[in-house]
Amino acid sequence: MPKSPDPRPTTRAKRPARAAPPLSGPSTDDSADVETRLYRAVFDSVMGQRLKPGTKLPEAPLCELFGVSRSVVRKVLQKLAHDHIVQLRPNRGAIVAVPTREETRQIFEARRALEAAIVRLVAERATARDLKGLREQLRAEHEAMHRFDQPAWARLASAYHLRLAELSGNPILQRYLQEIVSRCSLIVAVHQPPGNASCEHAEHERIVDCIARGDAEGAVQLMDQHLRELEEHLMLGSPDDERNLAKLLGLG
């Protein structure tokens, strides 16, 4: 007797594919975030003059402080070196960059030319709202000066110049000035006598007064004088890298 056909299907139904297990380790976004945090910690500490030129930046403590691998630390240090914030020394590690006297002369020469173009544009383009913001920034600078809070004072003085670059409406000038200001912060940190202001508050106010009047040439002249006096007041000093790295980076 012939067999009755088997009611079961001759092929098995396919099982749904299993989802791939999540990859171990941080995501690309997480890696980028920690790289940004590490870069900003060093950059802001240089700008705030907590990290002095010549300060060592050993890889192992940075790995521990930020919970990252040596490859991440090296990548960030290379970017900082590209931006002239650190120097990478073969077989001796990284240090905060130490500008020479010739570099100092060249940097200030470039900065005077750059900021002349910036304040001329700001005098032409600044609105009443822009001027109000600048006045508020100057008040914060004045308060920090009278608190004898030199790190805040230095940070706000740099921020004043960067804000002018922003108000120029030219992002190329703004980017170039940010690099030059960071390099000037290194110069000021190594040469400025302790307790002295990196920028004179009254000079900042006079420049804003010229901008408010639309006096572009007056603002240019005052800015040039301001930067020349800053350069002239610098004196040779020795870097101090003995303090705790976490505190220098604002983490402790």
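# A tour from helix 4 outward

Start at Leu121, which touches Ser168, Asn170 and Leu173, leaving aside residues up to four places away in sequence. This is a predicted model. Leu121 sits in helix 4. Its relative accessible area is 18%, under the 20% cut-off, so Leu121 is buried. Now select Gly169. Its C-alpha lies 7.8 Å from that of Leu121, although 48 residues of chain separate the two.

**Zoom out**

Show the whole chain as a cartoon. The protein has 10 helices and 3 strands. Trace it from the N terminus and the order is α-β-α-α-β-β-α-α-α-α-α-α-α. Colour by burial next: buried residues account for 42% of the 252 residues. Take contacts between residues at least 6 apart in sequence; 77% of them join residues at least 24 apart.

**The core**

Select the largest nonpolar core, a set of 58 residues. Val42, Leu57, Leu62, Phe66, Leu80, Ile118 and Leu164 have the most contacts inside it. Centre on Val42. Beyond residues up to four places away in sequence, Val42 touches Leu51, Leu57, Leu80, Ile85, Val86 and Leu249.

**Helices 2 and 3**

Leu62 and Phe66 are good handles for the next stop. Select helix 2, residues 59-66, together with helix 3. Helix 3 covers residues 70-82. The axes are 9 Å apart and cross at about 110 degrees. That angle makes helix 2 roughly perpendicular to helix 3. Show side chains at the junction. From helix 2 come Glu59, Ala60, Leu62 and Cys63; from helix 3 come Arg70, Val73, Arg74 and Leu77. The contact holds 5 nonpolar and 3 charged residues, and no polar ones.

**Two loops with positive phi**

Follow the chain out of helix 3. His84 lies in the loop between helix 3 and strand 2 (86-89). Its phi is near 70 degrees, a positive value in a residue other than glycine. Most residues other than glycine have a negative phi. Is His84 buried, exposed or partly exposed? With 34% relative accessibility, His84 is partly exposed.

Move on to Asn91, in the loop between strand 2 and strand 3. Asn91 also has a positive phi, near 65 degrees, and is not a glycine. Asn91 is exposed, at 83% relative accessibility.

**Pro99**

Go past strand 3 (93-96). Pro99 is in the loop between that strand and helix 4 (101-125). Buried or exposed? Pro99 is buried, with a relative accessible area of 13%. Which residues does Pro99 touch? Show Pro53, Thr104, Leu186 and Ile187, with residues up to four places away in sequence not counted. Then add Arg183. It is 84 residues from Pro99 along the chain, yet the two C-alpha atoms are separated by 8.0 Å.

**Helices 5 and 8**

Hide the loops. Select helix 5, residues 128-146, and helix 8, residues 201-213. Their axes are 10 Å apart, at an angle of about 170 degrees. The two helices are therefore roughly antiparallel. Look at the seam between them. Helix 5 supplies Leu131, Leu134, Arg135, Leu138, Glu141, His142 and Met145. Opposite them, helix 8 supplies His201, His204, Glu205, Val208, Asp209, Ile211 and Ala212. By class, this contact has 7 nonpolar, 3 polar and 4 charged residues.

The spacing on each helix has a simple background. An α-helix has 3.6 residues a turn, so residues three or four places apart point the same way.

Stay on helix 8. Its 13 residues should span 18 Å at 1.5 Å a residue, and its end C-alpha atoms are 19 Å apart, which agrees. Which residues of helix 8 are buried? They are His201, Glu203, His204, Ile207, Val208, Cys210 and Ile211. Of these, His201, His204, Val208 and Ile211 also meet helix 5.

**Gly214 and helix 9**

Step just past the end of helix 8. There Gly214 takes a positive phi of about 75 degrees. Helix 9 follows, at residues 216-233. Put a distance between its first and last C-alpha atoms: the 18 residues reach 26 Å, close to the 26 Å expected at 1.5 Å a residue. To finish, select the buried residues of helix 9: Ala216, Gly218, Ala219, Val220, Met223, His226, Leu227 and Leu230.

Technical notes:
Residues are numbered from 1 along each chain as its sequence is written. This is a predicted model: local features need pLDDT of at least 70, side-chain atom pairs count only at pLDDT 80 or more; totals for chains, interfaces and linings use all residues. Side-chain values use heavy atoms; hydrogens and water are left out. Axes are lines fitted to C-alpha atoms, for helices over the stretch in contact, and angles run from 0 to 180 degrees between N-to-C directions. Helices (H or I, at least four residues) and strands (E, at least two) are DSSP runs, numbered from the N terminus. Angles under 35 degrees count as roughly parallel, over 145 as roughly antiparallel, 65 to 115 as roughly perpendicular and the rest as oblique. Contact means heavy atoms within 4.5 Å. Ala, Val, Leu, Ile, Met, Phe, Trp, Tyr, Cys and Pro count as nonpolar, Asp, Glu, Lys and Arg as charged, and the others, Gly among them, as polar. The expected span of a helix is 1.5 Å times one less than its number of residues. Buried means under 20% relative accessible area, exposed over 50%, partly exposed in between (1.4 Å probe, protein chains only). A nonpolar core is a set of buried Ala, Val, Leu, Ile, Met, Phe, Trp, Tyr and Cys residues joined through side-chain atoms within 4.5 Å.
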